[in-house]
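Open your viewer, switch to a cartoon view and keep the selection box handy. We will go stop by stop, with something to select at each one.

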Amino acid sequence: MTITPPRLKPVRTETDILPAWRGTPVAELLALHNLGTGARKYAHPQILIATCPEQQTALRIPAGFAISLHTAAANLKRDPFKVSWAIGIGRVSAIAIVGHTDCGLVGLRNQREAFVEQLVGAAGWERPAAEQHFDHWSDLFAIDDPAGFAVAEAARLRIRYPKIPVAALLYDTADGMLLQIEA
Ligand SMILES: [Zn+2]
């Protein structure tokens, strides 16, 4: 079995937006951020956007458009209630999982010693507690590839919320643009 790597589709004009997203808040997110389309007034948030906390540059979106969650590699596995809350109470009708290039969660497992040393030296933890903490959480958050992870996370959420469109996107830190990820 061969695994096809995810394909990245840029959005430079409206016509680049994949048919699956047209007419959904995902298309509006791509148009607002990549194409600089004008904002409108929102009666309630349209979309839940998950981004990695390392991604320091804010997306170009107007107030009231989105509910934003910042979680390592845009992984929502530890936030099931926040996602359901965004739909049930926030009334969002779409989800965007936004990975980013150069994500530090790639290769996390190789950073165990640095992580432990820092928690011991800078935060005052005992070494065994720091090691156990890393071993407990790192498997959940370590990823191999930001785009591949975003695709998998979007697929997981689509099964959980079958009527909600869930897009996997990649923020390119080189040019600050969002790319669509096709599995
Ligand atoms: Zn990251």
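The tour below starts with the sheet, moves through the helices and the core, and ends at a loop.

**Before you start**

This is a predicted model, in which local features need pLDDT of at least 70 and side-chain atom pairs count only at pLDDT 80 or more, while totals for chains, interfaces and linings use all residues. Residues are numbered from 1 along each chain as its sequence is written.

**Stop 1: the sheet**

Select the strands. Strands (E, at least two residues) and helices (H or I, at least four) are DSSP runs, numbered from the N terminus. You should find an open sheet of six strands in the order β1-β6-β5-β4-β2-β3, with mixed pairing; two strands pair if DSSP finds at least two bridges between them. β1 (7–10) and β3 are at the edges with a single partner strand each, so one side of each has no neighbour in the sheet. From one strand to the next, the twist averages 30 degrees. Such angles run from 0 to 180 degrees between N-to-C directions, and axes are lines fitted to C-alpha atoms, for helices over the stretch in contact.

**Stop 2: strand β2 and its partners**

Now select 47–51, which is β2. Are its residues buried or exposed? Five of the five are buried, so β2 is largely enclosed by the rest of the structure. Buried here requires 20 or more other C-beta atoms within 10 Å of the residue's own, exposed 12 or fewer, and partly exposed lies in between, with C-beta atoms placed from the backbone. Show the side chains: Ile47, Ile49 and Thr51 point one way, Leu48 and Ala50 the other way.

Add β3 (66–70). β2 and β3 are parallel and pair over five bridges, and Ala50 has Leu69 as its bridge partner in β3. Then add β4 (95–100): four bridges join β4 to β2, again in parallel, with Leu48 opposite Ile95.

**Stop 3: across to β5 and β6**

Extend the selection to β5 (166–172). Six of its seven residues are buried, so β5 too is largely enclosed by the rest of the structure. β4 and β5 pair in the parallel sense over six bridges; look for Ile97 with its bridge partner Ala168, and for His100 opposite Tyr171.

Next comes β6 (177–182). Which way do β5 and β6 run relative to each other? They are antiparallel, joined by four bridges, and Leu170 stands opposite Leu179. The two strands form a hairpin with four residues between them, and Gly176 in the turn has a positive phi of about 75 degrees.

**Stop 4: helices on the sheet**

Select 25–35 for helix α1, where nine of the eleven residues are buried, so the helix is largely enclosed by the rest of the structure. Among the buried ones are Pro25, Val26, Leu29, Leu30 and His33. α1 packs on the sheet, touching β2, β4, β5 and β6, and its direction makes about 145 degrees with that of β6. Just after the helix, Gly36 has a positive phi, near 65 degrees.

For α5, select 146–160. This helix lies across β1, β4, β5 and β6, running at about 160 degrees to β5.

**Stop 5: the core**

The largest nonpolar core has 47 residues, and Val26, Ile47, Leu48, Ala96, Ile97, Ala150 and Leu169 touch the most other members. A nonpolar core is a set of buried Ala, Val, Leu, Ile, Met, Phe, Trp, Tyr and Cys residues joined through C-beta atoms within 7 Å. Centre on Leu169: leaving aside neighbours within four places in sequence, its contacts (C-beta atoms, placed from the backbone, within 7 Å) include Ala96, Ile97, Ala150 and Leu178.

**Stop 6: the α3–α4 pair**

Select 112–121 and 127–141: helices α3 and α4 pack at an angle of about 135 degrees, with axes 9 Å apart. They are therefore oblique to each other, a class for angles that are not under 35 degrees (roughly parallel), over 145 (roughly antiparallel) or 65 to 115 (roughly perpendicular). Residues that meet here include Phe115 and Leu119 in α3 and Ala130 and Phe134 in α4.

**Last stop: Thr101**

Finish in the loop between β4 and α3, at Thr101. Thr101 is partly exposed, with 16 other C-beta atoms within 10 Å. Draw a C-alpha to C-alpha distance to Pro146: the two are 45 residues apart in sequence and 6.6 Å apart in space. Beyond its neighbours within four places in sequence, Thr101 is also in contact with Leu170, Asp172, Thr173 and Ala174.

Technical notes
Contact = placed C-beta atoms within 7 Å.
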